[in-house]
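Open the model in your viewer and keep the selection tool at hand. The stops below say what to select and what is there.

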Amino acid sequence: MLRKFCDDIPAADLQALCAKTYTSAVFRSEAITPVKTLEPGLHILELSNGPTLAFKDMAMQLLGNLFEYVLAKKNERINILGATSGDTGSSAEYALRGKRGVNVFMLSPLGKMSAFQTAQMFSLQDANIFNIAVRGVFDDCQDMVKAVNSDSAFKARQRIGAVNSINWARVAAQVVYYFRGYFAVTRSNDEAVAFAVPSGNFGNICAGHIARMMGLPIARLILATNENNVLDEFFRSGSYRVRPAGEVAQTSSPSMDISKASNFERFAFDLVGRDAAMVKRLWSKVDAGGAFNLAGTPYFANAKEFGFVSGSSTHADRLATIRRVYKDYGVMIDTHTADGLKVGLEQRQPGVPLICLETALPVKFAQTIREALGRDPDYPPGCESLESLPQRFAVMDADAAAVKAYIARHTGP
């Protein structure tokens, strides 16, 4: 699959990198992404068996090996700057810790991730890992990353690279598991399936969109948001309005506490007939703090043609879904997967298998699991004392100049 997108690495080397990345030792399963069938026609695609217990590992572990491979070939170094609302940060850091030629500077919103997510990142003591807690919300962190990348002189001087979901290699790697999920629940290529995808930054479901464009028989891409429902609002109304930081809700599915979805521009490019000038005009409004509305245009009608439907979920919905799945199937799911399953069931079509993409393991959101089920989630081996480990991080305001100065201090000229 990756060779469709990656022609600058010899096929044998790419094969070796994939074999090195996707092992049962790393992903705790021979199947890597096993499918769990709740009932006939209703499935969960397990994507959270990697080292940080979140689906981001599926792409990030490969990206870490790709970075090391390319940097060694070129005898270069790179400074990775990223932003996280919860899972991207730990997945990136665990994929890149100790890698030759790589430093990681990861921004996260101070006090707005779960205790487990925070501990996963801040407890790392590797010399090439730098955690920065920002006084603000995830969108502030993401804006800081974009501002640094917009300073071309600084970016070149400090050799800044990206691991956020705007990184194309991540999206390409995620395309693969849509095909794997399809093959696991169907018997012939004339069958169609639906995927329910919890989505905040639009990267995961963007990979599904690409898989569908490649010819995978996807009847529906069901986008699920939490209370921060900017994307759901667009697919329902045609209006895309990014919320200011003060309107971004802090929820029990915090990895989706996002209002500005980076990868949405990629889909919008297809939606408007691959008219780059049109995308630029639309996003000039967004970047100025405004909105755009495609309702009543031929463009918005295209959204249904691309198979997209959507819905949103609340804290009460998450609790009810977690309880229902545990009671009916004996399966414990995390809060984000609950968002996806709740909306997926609402948008389910008769006779079409529904595959919900698992987002993370429940242990990452123990407080909500206790609220829903009255018990602690199971801790995978090695994670029992994670939250008690010493933590190392810096705190700063949402200021791009401050993060640039921090990077310069810790990497030199």
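Select F202 to begin: with a relative accessibility of 0%, F202 counts as buried, where buried means under 20% relative accessible area, exposed means over 50%, and partly exposed lies in between (1.4 Å probe, protein chains only). F202 sits in the loop between strand 7 (193-198) and helix 9 (203-213). Helices (H or I, at least four residues) and strands (E, at least two) are DSSP runs, numbered from the N terminus. F202 also has a positive phi of about 70°, although it is not a glycine. Most residues other than glycine have a negative phi.

Before going on, note that this is a predicted model, in which local features need pLDDT of at least 70 and side-chain atom pairs count only at pLDDT 80 or more, while totals for chains, interfaces and linings use all residues. Residues are numbered from 1 along each chain as its sequence is written, and side-chain values use heavy atoms, with hydrogens and water left out.

**Two more turns of the backbone**

Select R159, in the loop between helix 7 (152-158) and strand 6 (160-161). R159 is not a glycine, yet its phi is positive, near 55°. Then select G98, just after helix 4, where phi is positive at about 75°.

**Helix 4**

Now select residues 87-96, which form helix 4. How many of its residues are buried? The count is 10 of 10, so the helix is mostly covered. Among the buried residues of helix 4 are D87, S91, Y94 and L96. To see what covers them, show helix 3 (57-74), strand 3 (78-83), strand 4 (102-109), helix 5, strand 5 (129-135) and helix 8 (168-185), which are included in the cover.

**T118 in helix 5**

Helix 5 covers residues 115-122, and T118 is found in it. Is T118 buried or exposed? T118 is buried, with a relative accessible area of 17%. Leaving out residues up to four places away in sequence, T118 touches M113, S123 and Q391; a contact means heavy atoms within 4.5 Å. Add E387 to the selection: E387 and T118 are 269 residues apart in sequence, but their C-alpha atoms are 8.2 Å apart in space.

**Helix 6**

Select residues 138-150. At 1.5 Å a residue, the 13 residues of helix 6 should span 18 Å, and the C-alpha atoms at its ends are 18 Å apart, which agrees. The expected span is 1.5 Å times one less than the number of residues. Colour F138, D139, C141, Q142, M144, V145, V148 and N149, which are buried in this helix. An α-helix has 3.6 residues a turn, so residues three or four places apart point the same way.

**F27 in helix 2**

Go to F27, in helix 2 (residues 24-27). F27 is buried, with a relative accessible area of 0%. Which residues does F27 touch, not counting residues up to four places away in sequence? They are T21, Y22, I32, N49, G50, D57, M58 and Q61. For a distance check, pick A119: it is 92 residues from F27 along the chain, and their C-alpha atoms are separated by 20 Å.

**D399**

Select D399, in the loop between strand 13 (394-397) and helix 17 (400-411). D399 is partly exposed, with a relative accessible area of 36%. The C-alpha atoms of D399 and K20 are separated by 38 Å, and the two are 379 residues apart along the chain.

**The whole chain**

Clear the selection and show the full protein chain, whose secondary structure comes to 17 helices and 13 strands. Its C-alpha atoms fill a box of roughly 60 × 50 × 50 Å along the principal axes. Buried residues make up 58% of the 413 residues. A compact globule with 413 residues would have a radius of gyration near 22 Å, and the chain has 20 Å, which agrees. This radius is taken over C-alpha atoms, and the globule rule is 2.2 Å times the number of residues to the power 0.38. Among contacts between residues at least 6 apart in sequence, 76% join residues at least 24 apart.
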